[in-house]
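Visitor: Please pick one part of this model, look at it closely, and then work outward from there. I would like a connected account rather than a list.

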Amino acid sequence: MNLISHVIQRKLKLRPPRTRDLVIQRDLRVPMRDGVELLADRLAPRTGGENLPIALLRSPYGRSGLIAHGMARPLAERGYQVVMQSTRGGFGSGGTFDPMRQEREDGLATLDWLVKQPWAGDAIVLFGMSYLGYVQWAVADQLPPQVKAMIPVATESALTLEFLRADGMSLETPFAWGAMVGTQQRPLALLRHLPQARRTARALWTLPLGQADITAIGERSGYIQDILTHNAGTPRWTGLDHSHRVADTTVPVSSIGGWFDIFLPGQLRDFRILQDAGRPARLTVGPWTHTGFTGLPVEEALDFGLAHCRGEQPPARPPVRLYVMGEEAWRDFESWPPSGYEPKRFHLHASGLLAGEPAAESEPDHYRYDPADPTPAVGGVRMVKDNSRVDNTALEARADVLTYTTPVLDEDVEVIGEVSAEIWFQSSLAHADVFVRLCDVDPAGRSWNICDGLVSLTEADQLSRATVRLWPTAYRFKRGHRIRVQVSSGAFPRYARNSGTGQPRATATTLLAADQTVHHDPAHPSAITLPVRA
């Protein structure tokens, strides 16, 4: 086992390998239906590798680095032979890389090729996280009988479309991903990663944004241009949504997600579709970000995947296993969302109070949002080091952030499920955003973020109820703590800043400050709704 793999596997805390003596066949040519050839590597134990179950990983990120040493090699050392394939247009594979558009046809052609190989045996598991999980959903309804299980990690069946919602566009993640895939095959790309990340971060401030990727990566990125100019409903993204295939998935699925993962809402949607369709599926959600997963996915491939390859049942457990933050413990349930949790409204009141009873007559609260000095993203669902749960004290001290807090809790309050908020809101401009965040205030007065969400309004100058979908969560507020809700108008650069003009994001050059008003009275009952354990 080489040094890089040894270090990664120690960090992941994996079980000991069966063997470290592997044979690697490089640059296997896999024909696609249009004549293009994609390259793949096969890793297998030097002795007894033929006919072992195959773990198939299809990746746009090449066949080295973390893909090889954190996923492929650990599996090949512990009971699998592994096929790593570079998707179309990358790392030696033919054709042109058009993100997500070609994965169904290429995935089906790859499976057709794979089952015919003399070393293939009769069992395949689809495995991988993020993009490597999305490609699994692209073929999930048309799998050959040799495929016995799927293990999609930190992913969902529509992937990039979550970023492009018309009512709340994510910016930082798709922009950074577009810059990364646009530069990853350049010479010394790994050494240039940190300088490139800094350039990309600076580019997010560029006006107009349509010019930003020129300064960030030295050339136009088609993906970045697309996310800036095409929302989720435009023809540019036709064919990228595979959520309609989920109900027809033909094999058992073990889905692994994180409470702070960028794809969690879609991943939970996919699991519910499987549940409702009566498909064999289980779900595990831990306290992870998109880049913070432990060795659990590899262990699940060994326990869940290999069991199904052998025609056995994996180790028994309930269908849903959740890490309950605050309690800092794993708990098992029968479904998502779990039963026994009832929606409870916590109402915004005057003087920053959050309470279970509706508010009395009161004057609204006001703040000013300036996109030239946007409310920053602090912690939460991000693909940077500053993520997960962090102290929000400095953020809440800003004049453009309102907070509403309960009295000290006299008993634990457990919240598991979907979270939403209704904020009666009005702006001095027609175009404005409403960002809502749920926090836990500890006895020392520190405010720790739990989940949040944003909605963009196009008639914000009219008083109306803004419905905000927050990230789902599992959290126990301890006795002696307080529950807090933040209301603001942005979380930049996680979300694109609202210019206030209504101009297209790609071409907007003018930034207008806005005066925002939040109402909380009997006629305008602003509240957050939490699924509370009965």
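Guide: A word on labels comes first: helices are DSSP runs of H or I with at least four residues, strands are DSSP runs of E with at least two, and both are numbered from the N terminus. The model is predicted. The part to look at closely is the ten-stranded sheet, followed by the helices on it and the features around it.

The sheet is open, and its ten strands follow the order β1-β2-β4-β3-β5-β6-β7-β8-β9-β10, with mixed pairing. Strands β1 (22-31) and β10 (329-333) form the edges; each has a single partner strand, so one side of each has no neighbour in the sheet. From one strand to the next, the twist averages 20°.

Within the sheet, β3 (residues 54-59) pairs with β4 (residues 81-86) in the parallel sense, over six bridges. One pair of residues can be named here: Ser-59 has Ser-86 of β4 as its bridge partner. Helix α2 (residues 65-76) packs on the sheet and touches β1, β2 (37-45), β3, β4 and β5 (124-129). The direction of α2 makes about 150° with that of β4. Helix α3 (residues 103-114) also belongs in this picture, lying across β1, β2, β3, β4, β5 and β6 (147-153). Against β3, helix α3 runs at about 150°.

Some of these elements also border a cavity. The second largest cavity has a volume of about 80 Å³, and β3, α3, β5 and α4 (131-137) each supply at least two residues of its lining. The biggest contribution comes from α4, with three residues. The lining is made up of Leu-56, Arg-58, Gly-107, Leu-111, Leu-126, Phe-127, Leu-132, Val-135, Gln-136 and Val-139. By class, that is seven nonpolar, two polar and one charged.

At the other end of the strand order, the approach to edge strand β10 has a backbone feature of its own. Glu-328 sits in the loop between β9 (320-324) and β10. Its phi is positive, about 55°, although Glu-328 is not a glycine. What is the exposure class of Glu-328 at 38% relative accessibility? The buried class ends at 20% and the exposed class begins over 50%, so Glu-328, at 38%, counts as partly exposed.

Ser-351 offers a second case of positive phi. This residue is not a glycine either, and its phi is about 60°. Ser-351 lies in the loop between β11 (341-348) and β12 (354-355). With 79% relative accessibility, Ser-351 counts as exposed.

Two cis peptide bonds can be added to the backbone account. In one, Leu-207 is joined to Pro-208, with omega about -10°; Pro-208 is in the loop between α6 (193-203) and α7 (212-217). In the other, Phe-492 is joined to Pro-493, with omega about 10°. Pro-493 is in the loop between β21 (482-488) and β22 (514-519).

Next come the other internal spaces. The structure has five cavities of 30 Å³ or more, and the largest has a volume of about 90 Å³. The residues lining that largest cavity are Glu-162, Phe-163, Ser-170, Glu-172, Thr-173, Pro-174, Ile-262, Val-381, Trp-471, Arg-494 and Tyr-495. They divide into six nonpolar, two polar and three charged residues.

Among the pockets, the second largest has a volume of about 410 Å³. A total of 23 residues line this pocket, and Arg-497, Asn-498, Ser-499, Gln-503 and Arg-505 lie nearest its centre. The lining comprises twelve nonpolar, eight polar and three charged residues.

One acidic side chain completes the account. Asp-226 belongs to helix α8 (residues 222-229). Its relative accessibility is 13%, so Asp-226 counts as buried. Apart from neighbours within four places in sequence, Asp-226 is in contact with Arg-236 and Trp-237.

Terms used. Residues numbered from 1 in each chain as written. Predicted model: local features only at pLDDT ≥ 70, side-chain atom pairs only at ≥ 80, totals over all residues. Heavy atoms only, no water. 1 Å grid on protein atoms, 1.4 Å probe; cavity = no way out; pocket = protein on both sides within 12 Å on 5 of 7 lines; lining within 4 Å. Points joined across faces, edges and corners; volume = space filled by probe spheres on them. Nonpolar A, V, L, I, M, F, W, Y, C, P; charged D, E, K, R; others polar. Pairing = 2+ DSSP bridges. Axes fitted to C-alpha atoms, helices over the stretch in contact; angles between N-to-C directions. Contact = heavy atoms within 4.5 Å. Buried < 20%, exposed > 50% of the residue type's maximum accessible area, 1.4 Å probe, protein only.
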